[in-house]
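Please examine the following model with attention to its strands, their pairing and the pocket that several of them line. The discussion proceeds from sheet pairing to the pocket and closes with a helix.

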Amino acid sequence: LLFLRINFVNTNKENFKDMNFKQNDFINYKIVKNYSLRENFINNKSIHDIHTFNFLLLYQKMGGKKGIELAKKNIFLWFKKYKYYRNFPWSEDYASKRFINIIYSYDFICSISNNREIKLINYIITFHIKRVLFDTKRKNTDDITSYDTLSLVLIECCKNNLNFNFSKKIVDMITSQIDDNSMHKSYNILEHAKFLNNLIEIKNIFMFNNLKIPKPINNTILAMTSLLKIYKHDDLSLPLFNSCNNNHNLTVQNIFEKEQFLKTKIFREFENGIAIYKDINKTLFFDVVKPTKFGYHKELSAGTLAIEISAGGEKIITNCGGTEGGGKNPNYLRYSAAHSTIIINNTNISEIKEKEINKTFPKDVIFSEKDNYKNILLTGSHNGYVKNYRKICKRELYIDKNKHFFKGEDTIMSSKTSVEKTVYHIRFHLMPEISTTVTKNKKNIIIRTKKNNIW
């Protein structure tokens, strides 16, 4: 911070015009509208969205002199207050998100600004450039997000220094975040879509500068788009694993619809991630992610072996997903009870801590698949309860390829011989439109869906 204080003497005179490469909008405008028209909203630290400068995109939609004045006023107020803060809101990738939003809004903000205001905006951008470069050098590769990567590309573009050698560094950052199946390692399909969208913007920046697009970037975009097309339910909603939500479904659809002739990806020798079975009538997702201590796994939910099922064009069994609105304890949606899985003694499979990488999680998550002529058997197991309860959990899922039929069995295996009482819950979260009836013998539940299908 001392380096940053003494280094900023003169405002950089770089030209930041004509630098908007935005493709798709993942901003939740309901949240932004709720705070952005209030006085002194930038003082609020509990709403993290404020500190990404997403409000600039709302002001652009408002347009006119009022929108521009609000944009300048709140940028200047924010910078005056948080300029030399050490941690939040300079932690994670907030600086990169702010830099991208200012650059993408630069022409709008400066359209009726005087020289003094433009000079201050240039200074704020330059300050962010220095801070982003300073912070990304100190980050581990797995902690550098796609927003960090996009901001680094934009910085080089602003400096007219984007070249093939720099593109190699970008490729390394990108490939470290993608698994062998071309899935983003957050195993959150919404984050996967955001990462893909940022890659497309990076590709457009290379094209804008008449540079050859690195082949790995092109291949990754195609593979991730193909995956995006298959990771959806029959009603086009997203599978709600690892805090995914359905607030941006139209934006996600817009990404893969642009590649309408691209074939969906076929998994071969699948071992880790969100397993999937899909045919013309039904879809099943199965969480068999192997957690690690790497940064891209810090938002994983405690939902190992959780499932989601849709059939006949509608979703039936779900998980709770995540929220973008915050609240007193948004992390409760990451607890095991918020997922359709088996739980021992009503405790989480993985330890959940806010803003920290999980320290306690299943060290062994084993998945296998047996594909027969008429049916398929998916099996997953984890040892998340071995340390506390000496138990191993296993889930087998039997799927009939030709009929509307699923069958599952959960098994709790003891790793020691002594007999003890084990309290367990198996939760199946149903969609809101579904009605249920318990049979007289209390051993079955009849499910009626919105389309009057009976299960």
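Two strands are said to pair if DSSP finds at least two bridges between them. The model under discussion is predicted. Strand 12 (435-438) and strand 13 (445-448) are joined by four bridges in the antiparallel sense. Within this pair, Thr 437 has Ile 446 of strand 13 as its bridge partner. The two strands form a hairpin with six residues between them, and Lys 442 in the turn has a positive phi of about 60°.

A further hairpin is built from strand 3 (307-311) and strand 4 (314-318). Here two residues lie between the strands, and Gly 312 takes a positive phi near 60°. Three bridges connect strand 3 to strand 4 in the antiparallel sense, and Ser 310 has Lys 315 of strand 4 as its bridge partner. Strand 3 also pairs with strand 2 (residues 282-288), again antiparallel, over five bridges; Lys 282 is matched with Ala 311 of strand 3.

The setting of strand 3 can be read from its burial. Five of its five residues are buried, so strand 3 is largely enclosed by the rest of the structure. In a regular strand the side chains alternate between the two faces of the sheet. Accordingly, Ile 307, Ile 309 and Ala 311 point one way from strand 3, whereas Glu 308 and Ser 310 point the other way.

Four strands form an open antiparallel sheet in the order 6-7-8-9. Strand 6 (365-371) and strand 9 (406-414) are at the edges with a single partner strand each, so one side of each is left without a neighbour in the sheet. The twist from one strand to the next averages 15°. Inside the sheet, strand 7 (residues 375-385) and strand 8 (residues 391-400) are linked by nine bridges, with Thr 379 partnered by Glu 396 of strand 8.

Several of these strands meet again at the second largest pocket, which holds about 850 Å³ of space. It is lined by 28 residues, of which Ile 317, Phe 406, Gly 408, Phe 428 and Ile 447 are the closest to its centre. Strands 3, 4, 8, 9, 12 and 13 each supply at least two lining residues, and the largest share, five residues, comes from strand 9. By class, the lining comprises 18 nonpolar, four polar and six charged residues.

Finally, helix 12 (residues 249-257) has among its buried residues Val 252, Ile 255 and Phe 256. The buried residues of helix 12 pack against helix 10 (189-208) and helix 11 (215-230).

How values were computed:
Residues numbered from 1 in each chain as written. Predicted model: local features only at pLDDT ≥ 70, side-chain atom pairs only at ≥ 80, totals over all residues. Heavy atoms only, no water. Axes fitted to C-alpha atoms, helices over the stretch in contact; angles between N-to-C directions. Buried < 20%, exposed > 50% of the residue type's maximum accessible area, 1.4 Å probe, protein only. Contact = heavy atoms within 4.5 Å. 1 Å grid on protein atoms, 1.4 Å probe; cavity = no way out; pocket = protein on both sides within 12 Å on 5 of 7 lines; lining within 4 Å. Points joined across faces, edges and corners; volume = space filled by probe spheres on them. Nonpolar A, V, L, I, M, F, W, Y, C, P; charged D, E, K, R; others polar.
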